[in-house]
Every structure is written in C-alpha cells, then in structure tokens.
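Q: Could you take me through a structure that is new to me? I would like to ask about its parts one at a time.

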2 protein chains.
Amino acid sequence: MRPVSEDVAIGPSSRREQAVSRTVDPARERAELKVQAFLDAARELMSTSDGKDFTLQMVVEHSGHSLRSFYQHFAGKHELLLAVFEESVQAAADQLITELEDVDDPFGRLRVFVVRYHRLCLSGTARYAEKPLQSRAMAQFAHQLLIYNPSEASRAFRPVISILHGLLDDAARAGAIRGDLDDEVAGVILQAIMFNAFVPAVAGTPPIEDTERAATRLWELLFHGLASSAP
Amino acid sequence: MRPVSEDVAIGPSSRREQAVSRTVDPARERAELKVQAFLDAARELMSTSDGKDFTLQMVVEHSGHSLRSFYQHFAGKHELLLAVFEESVQAAADQLITELEDVDDPFGRLRVFVVRYHRLCLSGTARYAEKPLQSRAMAQFAHQLLIYNPSEASRAFRPVISILHGLLDDAARAGAIRGDLDDEVAGVILQAIMFNAFVPAVAGTPPIEDTERAATRLWELLFHGLASSAP
DNA sequence: CAGAGGCGAAAGTAGCATTTTCAGAAGCGG
DNA sequence: CCGCTTCTGAAAATGCTACTTTCGCCTCTG
C-alpha cells in the first residue's frame, strides 16, 4: 500500500495498522478509510492555522466523522499524534532514499542526507511536497515523545536512523569519515539536524532566512568540528 | 541578593523581579517571600515525583499560600515556570563561572564548559547541588518556550550563551579553534549539549549510564567532527 | 423481515487553569 | 480602642479539553 524500502519498513504493527486492525475483516475497508480521514484531518490542522494546538473536536469536524468513531479507532489523542508522526518520519525517510539515489560516493551521500533532512525538518509542509515534520505542533509532540515515551520515539525514528546508520557505515568503510564512531553518533547527528531550528532562539540570533545556508553550515560544522583547520 | 557575575547579570527586569514589583514598597518584603515560596514549591515539585506534570493546586499547597495570592504575583502558570527556568539557567551559569575559575587555557576552558554544562543538564538536581535544569517537566517547558516563545527563550538562555560566546571568542583568538565560526555556533553547541539526553531515544540505543563518558564523546565529536583524523 | 452491531449526535465526567466572591485579618489614622 | 480601607485565604464558579456514555437510527445479514 505504501512504498517502503525494505531496509526501512516499519512492519505490520505500526500505530496506523494497529488502529485499523481493531476491526474485523469485512468492514475493514471502511475502517481504513476512516482512520486515514482522521490522520489527514490531523495533519491538515497541524500544517495550517500556524501549527497552534488543535483540539480533538476540530479533528473530528474536519474528518467528517464523529468523536465516537474516533475513539473506536484510536485509544486517544496520543495515538493519533503518534500515528501522524510515524507517517511523517516514514515519508521523510522515503523522500531521502529517493534523493540519495542520484549520489554515489559515500561522502556525498552523507552530506546530502544531512542537508536534505535538515530541509525536510525545517520546511513546514511547504517545500518538499510529501509529509515532513509538520509545524510546531509536531515538534512539540516529538519532544513530548522523546521525554515521556523514549521507546515509542525510538520506534518512530527508526526509518531515518536506519538510513543514517547505513550511510555512516559506508562512509567509515570508505575512509570518508572516522572509523571510531559508535552507534550513538547517528542520534547526535539526527538530533542536531532536527533541532537546528531552535538554534536562533537559543543563541539569540535572528531567525533563519536562508535554509540552505544554515544546512550547509551545520554540515560543515558536523564534518570538520571546531578544531582549527591547519594545526 | 544573588551573586551574579557582571557579564551575565540578568538585569532588574527578570521575571522574578517583575513578579515581585507588582506590589508597592512597604509590603514588598512579604511579597518577595511569597514569590520565593512559590518558586521553591514549583522547583521542588519538578524535581520530585519523577518530574511528571504538576498542577497549580499542588504548587499552592506546597507553598503554604493561597491560589489567590499566586495569581496576585504571577500572571499564570507560564510565568511561574519561566521564572523557575530563568533561575535555573542563571544558577547553571553561576556554577559554570565558578568551575571555570580553575582553568586558564582557552581550549581547556571551552572543553570544561561543554563537559560541565552537559553534566548540569543531565543530572536532575542530584549531583551538582545548585539548581540545574530540573527533570522532565523543565525540559518540556524549555521546549515549549523554544517553540512558542523564542524571544523569551533567548532571554532565558542569555547567561549561558554569553559565557559560551566569550569562551569561543577567546579560543578562536588563541587559535585553539577555527576563527571562521559565526554567532550561531554557540547555539548549535548549547543545543547539542542540552538535548544530548535525547540521543539514546533518537538513536534507539540504551539509556546513558556513564554521564562523564557521554560528555567526553560529545566534546570529542564537537571538536574533531566526523572527518577522518589523518586525511 | 427481524435482530445485531456499527455509528452519528449529543449529553455527561473529570482534570486543570484561571476568575470571582466573600468574609475575616491586618494595618492605620483618629 | 474604633472605623475604615486594603490585603488575603478558603472555596465556589467558569471555561476549556480529553475522554466516556447513552440513545436511537440505519444498515447489514441471516
């Protein structure tokens, strides 16, 4: 149904599947449609209306179904958001895989990953068509997940982390980067990319105007570090 | 009243001062005490009870005062949290300044900053006595601030950012690090340190056991980057 | 056609921030 | 010490949300 690359597939027990399978087989199609309607409504609400918090009431109205139905398919708001989030990450991963097809050398692939994922995380739905991390509401939820449900967060991030792991391994094998880095480096990098949007707020500098430039600078820092170039 | 270093002083209009000065001069002392009581209660609630969300009711009960009084001094929960957060950051900054007194060379100072601030951010109130970023509730609030009130966030982070700026400048001047880094680098570094706690959740690796080791690895990565050591 | 289960509409709970009310306490000029 | 104003605690009231429950219709299916 969804084109996932083998390595990054989220398996049959993703939240969305789970929600759908609460119903038995014959009526399953309707259920699937309804679930998708709720997901779409939520996504839409998140991307519009400046990404401010949205209420379940709104989702329900937007979806064209009833609150009752909602709770028949989702255990609560949390599950809805989690499903949307998982889909977002998966979509981003798919997008990245596509974009990586054109690049061959391990170093370039890593750089492209960083720059493009940066772009996907920043652009709220606007630029790259698919479904990136939406707006503030999504960011907010991602944080909540990281803080209060680390295991769910891990699961959600797996598609992207898995790609990055592969790229890092290849790059290390090819000698494009150091070989003494452990698994957590992938997390550090991803974290740096995803939360790069907060840097101006932390540093007290004006908001980012030129996304590409910011991405490049981040990559440059990640790659070369703070050390002086010619020691 | 609070020992702040010149460079990093938060000025007379910090949230706490603001809240206090809502009252006129004579009764001011009582007001000050009350405000502090609320702040202390909030901080305590945040550090205990596994850092889960706490209600204003709890704060009020803990403080020994009334809800009415609370709203007489704070415009709402947000202001209370903001005040606590600002105090936390300021305390961390003070702590860092103290710890930096022993280190002379610019490179060492920068490294100490990274490692120690990392420790301050991770240890929920436990290790270093003062008042670091408390627990999950504080992290949660910090994120909210970054997302929805970037300017308030900037203000709150200023004490620490200002220190880091100084260190970076010195290090660059001394040739210990590159000289072509812009202002935002401080933000990137701080962000990497503060949110390093999320790395395991993002990377899907087991939670950090050895804080010191994690800090050292982060510093190492920040300093040397991903590039292979011997090109 | 009859019964069962799905489903929309809408009322009902409960938790929490925030506001308001009310009455008693505390300062204070006489 | 009296009367007045001003503060302040206790607690009820409001409003918004997530979440639950009820009820009756409507659509399948035997």
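The questions and answers below concern the chain contacts, the DNA strands and one helix.

Q: Before we start, what kind of model is this?
A: This is a predicted model.

Q: How many residues of chain A are in contact with chain B?
A: On chain A, 45 residues are in contact with 45 residues of chain B.

Q: And which elements of chain A give two or more residues to that side?
A: They are α7 (135-148), α8 (150-173), α9 (184-194), α10 (199-203) and α11 (211-224) of chain A.

Q: How do the residues of that side divide by class?
A: The side of chain A that touches chain B has 27 nonpolar, 13 polar and five charged residues.

Q: What rotation superposes chain A on chain B?
A: A rotation of 180°, with 0.0 Å of shift along its axis, superposes the two chains with an RMSD of 0.0 Å. That is the relation of a two-fold axis.

Q: Which C-alpha of chain A is nearest the axis?
A: The C-alpha of A:Gly225 is the nearest in chain A, at 1.9 Å from the axis. As for the contact surface, the same one serves both copies, since 100% of the contact residues of chain A recur in chain B.

Q: Turning to the DNA, which residues come nearest to strand C?
A: Of the 18 residues around DNA strand C, the nearest are A:Ser66, A:Ser69, B:Thr55, B:Gly76 and B:Lys77.

Q: Which element gives the most to that surface?
A: α4(A) gives the most to the surface near DNA strand C, with four residues. By class, this surface has six nonpolar, eight polar and four charged residues.

Q: And which residues come nearest to strand D?
A: Around DNA strand D there are 18 residues, of which A:Thr55, A:Gly76, A:Lys77, B:Ser66 and B:Ser69 come nearest. The largest share of the surface near DNA strand D comes from α4(B), with four residues.

Q: A change of topic: how far apart are the end C-alpha atoms of helix α6 of chain A?
A: They are 24 Å apart. The helix has 17 residues (residues 106-122), and at 1.5 Å a residue it should span 24 Å, so the two values agree.

Q: Which of its residues are buried?
A: The buried residues of α6(A) include A:Leu110, A:Phe113, A:Val114 and A:Leu120. A:Arg109, A:Arg111 and A:His118 are also among them.

Q: What do the buried residues of α6(A) pack against?
A: They pack against α5, α8, α9 and α11 of chain A. Of these, α8, α9 and α11 also give residues to the side of chain A that touches chain B.

Key: Residues numbered from 1 in each chain as written. Chains lettered and ligands numbered in written order. Predicted model: local features only at pLDDT ≥ 70, side-chain atom pairs only at ≥ 80, totals over all residues. Contact = placed C-beta atoms within 7 Å. Nonpolar A, V, L, I, M, F, W, Y, C, P; charged D, E, K, R; others polar. Near = placed C-beta within 6 Å. Least-squares fit on C-alpha atoms with pLDDT ≥ 70 in both. Expected span 1.5 Å × (residues − 1). Buried ≥ 20, exposed ≤ 12 C-beta atoms within 10 Å, placed from the backbone.
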